[in-house]
Amino acid sequence: MTTNTFDFVGGDNGKWKVINMDTVRGQPIERVPYLDILPNFKNTLNKGVWILTGFTSNVRYAEKSEREKLAAVQSDLGRPLATCAALIPIRKTEKWWTMAQDERRKIFEAQSHHTETGLKYLPAVARKLYHCRDIGQPFDFLTWFEYAPEDSAKFEELVKALRETEEWDYVDREIDIRLIKV
């Protein structure tokens with residue numbers, strides 16, 4: 001059985017060791033020493049201090065040309081040299097969600113250049129976006145990044161650049177969890 005829904009399980013064991021947890025905005029989540037990413041199956045009892053569930057979906061804000069550019073340079077997750085990772089759960093404000101799609105798109109790309117910024121750091125930094133808002137989770141998105149240790153500075157630049165955009169004015173909860181592969 002395959003699934004596009006995954007549980008990010010924070011607890012006492014997992015494939016990723018948590019090296020730092022930072023509450024950037026809003027309420028924190030409980031600190032944990034490890035994180036695991038598991039397919040979400042009903043009736044599976046995942047044991048952890050917390051579980052964040054998200055699902056993969058189509059790219060929602062990128063236009064066709066942007067999607068093609070991303071696909072041409074995006075690296076796959078799970079590369080052997082990518083032993084560093086970050087899980088960044090984000091929740092946006094109700095003001096963001098009450099805007100029309102074209103208004104959000106204008107802020108996301110035309111003003112904040114989200115896709116263009118991300119392209120600068122590919123293929124060094126691989127990422128996958130998981131959606132959560134539609135399934136009643138405490139965050140709207142779980143963004144998972146993987147990169148090699150030598151690309152850590154590039155990842156820091158990427159995160160800094162995105163947080164300085166107008167789009168981030170609409171983020172009211174963000175946790176930054178940094179990890180290394182066990």
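Trainee: Which exposed residues does the face of α5 turned away from its buried side carry?
Mentor: Good place to start, and keep in mind that this is a predicted model. Exposed here means over 50% relative accessible area. On the face of α5 turned away from the buried side, the residues that pass are A153 and K160.

Trainee: And which residues of α5 are buried?
Mentor: Buried residues have under 20% relative accessible area. Seen down the axis of α5, the buried ones fall within an arc of 90 degrees, so they line one face of the helix. An α-helix has 3.6 residues a turn, so residues three or four places apart point the same way. The buried residues of α5 are F155, L158, V159 and L162.

Trainee: What covers the buried residues of α5?
Mentor: Look for elements in contact with that side of the helix, with heavy atoms within 4.5 Å. The cover includes β5 (84-92), α4 (114-119), β7 (141-147) and β8 (171-181).

Trainee: How far does α5 reach from its first C-alpha to its last?
Mentor: Helix α5 covers residues 152-163, which gives 12 residues. At 1.5 Å a residue, 16 Å is expected. The model comes close to that, with a reach of 17 Å.

Trainee: Which residue forms a salt bridge with E156, and how far apart are the closest N and O atoms?
Mentor: This pair links distant parts of the chain, from E156 in helix α5 to a partner in strand β8, 22 residues apart. E156 counts as partly exposed at 39% relative accessibility, whereas the partner counts as buried at 11%. The partner is R178, with the closest N and O atoms 2.3 Å apart.

Trainee: Is D176, the salt-bridge partner of R163, buried or exposed?
Mentor: D176 is in strand β8 and R163 in helix α5, 13 residues apart. Their closest N and O atoms are 2.8 Å apart. R163 is partly exposed at 27%. D176, at 5% relative accessibility, counts as buried.

Trainee: Which residues are linked in a network of salt bridges?
Mentor: The count of salt bridges comes to 10. Two of the pairs we just met, E156 with R178 and D176 with R163, belong to the network. Its members are E156, R163, E174, D176 and R178.

Trainee: What kind of aromatic pair do F8 and Y130 form?
Mentor: F8 lies in strand β1 and Y130 in strand β6, so the pair ties together parts that are 122 residues apart in sequence. F8 is buried at 0% relative accessible area, and Y130 counts as buried at 5%. The ring centres are 5.0 Å apart with 80 degrees between the planes. Planes over 60 degrees apart count as edge-to-face, so the pair is edge-to-face.

Trainee: Which residues do ring pairs link into a cluster with Y130?
Mentor: The count of aromatic pairs comes to 8. One of them joins F6 and Y130, at 5.8 Å centre to centre and 75 degrees between the planes. Along with Y130, the cluster holds F6, F8, W16 and W144.

Trainee: Over the ring of which residue does the charged end of K92 sit?
Mentor: A lysine qualifies if its NZ is within 6 Å of the ring centre and within 35 degrees of the ring normal. The charged end of K92 is 3.8 Å from the centre of its ring. That ring belongs to W96.

Methods
Residues numbered from 1 in each chain as written. Predicted model: local features only at pLDDT ≥ 70, side-chain atom pairs only at ≥ 80, totals over all residues. Heavy atoms only, no water. Helix = DSSP H or I, 4+ residues; strand = E, 2+ residues; numbered from the N terminus. Expected span 1.5 Å × (residues − 1). Buried < 20%, exposed > 50% of the residue type's maximum accessible area, 1.4 Å probe, protein only. Arc of directions from axis to C-beta. Salt bridge = Lys/Arg side-chain N within 4 Å of Asp/Glu carboxyl O. Phe/Tyr/Trp six-rings, centres within 6.5 Å; stacked < 30°, edge-to-face > 60°.
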